[in-house]
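These are my notebook entries on a single protein chain. I set out to record its strand pairings, its nonpolar core and its charged pairs.

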Amino acid sequence: GDLRAFNSDIADGLRAQTNVTADLLGVLSDEIQGLDSGTLLPVDLNPAVTGSTRLSSLNNGGGVRQGSIQITSVGTATIDLRSAENVQDVIDLINAQTGTTGVTAAINPALNGLRLTSGAAITVQEVAGGNTATDLGAVATAAASPFDGLDLDPAVTEDTLVADLLGGAGLDPSGITITNTTGTVFTQAFG
């Protein structure tokens with residue numbers, strides 16, 4: 001079960017929605033959390049930021065409030081990011097203005113945020129009281145190049161690849177073990 005409904009057409013024009021949710025069965029959790037098998041302490045699964053990382057998963061699932069940002073280096077451009085759905089969209093929209101700003105965007109080497117590069121100092125500001133630059137971890141005033149933004153801390157989602165966990169290092173190929181509240185164990189090896 002999940003939180004979505006299954007539609008059944010019972011007769012012409014008569015549809016019923018049915019589902020047994022994981023919540024009803026007592027197996028729905030608020031978060032996916034890793035435990036160190038030796039210490040049983042929580043482990044941050046810390047997915048890497050990739051081009052396909054959805055903006056809605058950033059900031060531990062809080063997402064990015066969409067709007068425009070202003071980038072200044074050798075020139076200034078206001079960049080409308082409202083159409084961006086993932087990190088690659090943001091990079092492409094910023095890089096579309098490189099001819100004006102002199103700034104290029106990429107994912108930083110730590111795989112946890114954006115990197116902005118230019119031949120001059122970089123300033124990134126909010127536009128019209130927005131929060132987009134803040135949510136992208138990219139607010140900067142006359143920052144030296146390259147400028148690495150803050151950790152965007154993506155949440156683990158159904159789209160997260162196992163290889164992207166632990167900052168892009170992936171999981172141990174010996175696998176994972178899943179234990180639910182009843183103690184049932186599932187083990188899956190990778191590779």
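**Entry 1: β5 and its two partners**

I looked up Q70 first and found it opposite Q125 in β9. The strands concerned, β5 and β9, run antiparallel and are joined by four bridges. I note here that the model is predicted.

I then asked which residue of β6 stands opposite Q70. That residue is T78. β5 and β6 pair in the antiparallel sense, over five bridges. The connection between β5 and β6 is a hairpin of three residues.

General background for this entry: strands of a sheet pair through backbone hydrogen bonds, in a parallel or an antiparallel sense.

**Entry 2: T78**

I stayed with T78, which lies in strand β6. Is T78 buried, partly exposed or exposed? I recorded a relative accessible area of 47% for T78, so it is classed as partly exposed, the range between 20% and 50%.

I listed the contacts of T78 beyond four places in sequence: S68, I69, Q70 and V127. For S68, I also noted the separation from T78: 10 residues in sequence, and 6.6 Å in space from C-alpha to C-alpha.

**Entry 3: the largest nonpolar core**

I next examined the largest nonpolar core, which has 27 residues. Which of its members touch the most other members? They are L55, I69, V90, I94, L116, V124 and L136. At least two residues of this core come from each of β5, β6, α2, β8, β9 (122–126) and β10 (140–143). α2 gives the most, with four residues.

I took V124 from that list for a closer look. Setting aside neighbours within four places in sequence, V124 is in contact with I69, Q70, I71, L116, A133, A138, V139 and A140. Two of these contacts, I69 and L116, are named in the list above as well.

**Entry 4: the sheet of β7, β8 and β11**

I turned to an open sheet of three strands, which has the order β7-β8-β11 and antiparallel pairing. Why is one side of β7 and of β11 left without a neighbour in the sheet? Both strands stand at the edges and each has a single partner strand, so one side of each has no neighbour there.

I recorded the two pairings separately. β7 (residues 104–107) pairs with β8 over four bridges, in the antiparallel sense. In this pairing, A105 stands opposite L116 of β8. β7 and β8 form a hairpin with six residues between them, and L111 in the turn has a positive phi of about 60 degrees. The pairing of β8 with β11 is also antiparallel and has two bridges. There, R115 has D148 of β11 as its bridge partner.

I also noted that α2 packs on this sheet, where it touches β7 and β8. The direction of α2 makes about 160 degrees with that of β7.

**Entry 5: salt bridges**

How many salt bridges does the model have? I recorded four, and I describe three of them here. As general background, side chains of opposite charge can pair when their charged atoms come close.

I began with R115 and D148, the bridge partners of Entry 4. They also form a salt bridge, with the closest N and O atoms 2.7 Å apart. This pair links distant parts of the chain, R115 being in strand β8 (residues 114–117) and D148 in strand β11 (residues 147–148), 33 residues apart. R115 is partly exposed at 24% relative accessible area, and D148 is partly exposed at 34%.

The second pair is R54 with E85, a salt bridge of 3.9 Å from N to O. The two residues are 31 residues apart and again belong to distant parts of the chain. R54 is in the loop between β4 (42–43) and β5 (68–72), whereas E85 is in the loop between β6 (76–80) and α2 (87–95). I recorded R54 as partly exposed, at 39%, and E85 as partly exposed, at 48%.

The third pair is D80 with R82, whose side chains meet in a salt bridge of 2.6 Å, N to O. Are both partners in the same exposure class, or in different ones? D80 is partly exposed, with a relative accessible area of 33%. R82, with 57%, is exposed, since the cut-off for that class is over 50%.

Technical notes: Residues numbered from 1 in each chain as written. Predicted model: local features only at pLDDT ≥ 70, side-chain atom pairs only at ≥ 80, totals over all residues. Heavy atoms only, no water. Buried < 20%, exposed > 50% of the residue type's maximum accessible area, 1.4 Å probe, protein only. Contact = heavy atoms within 4.5 Å. Pairing = 2+ DSSP bridges. Core = buried A, V, L, I, M, F, W, Y, C linked by side-chain atoms within 4.5 Å. Axes fitted to C-alpha atoms, helices over the stretch in contact; angles between N-to-C directions.
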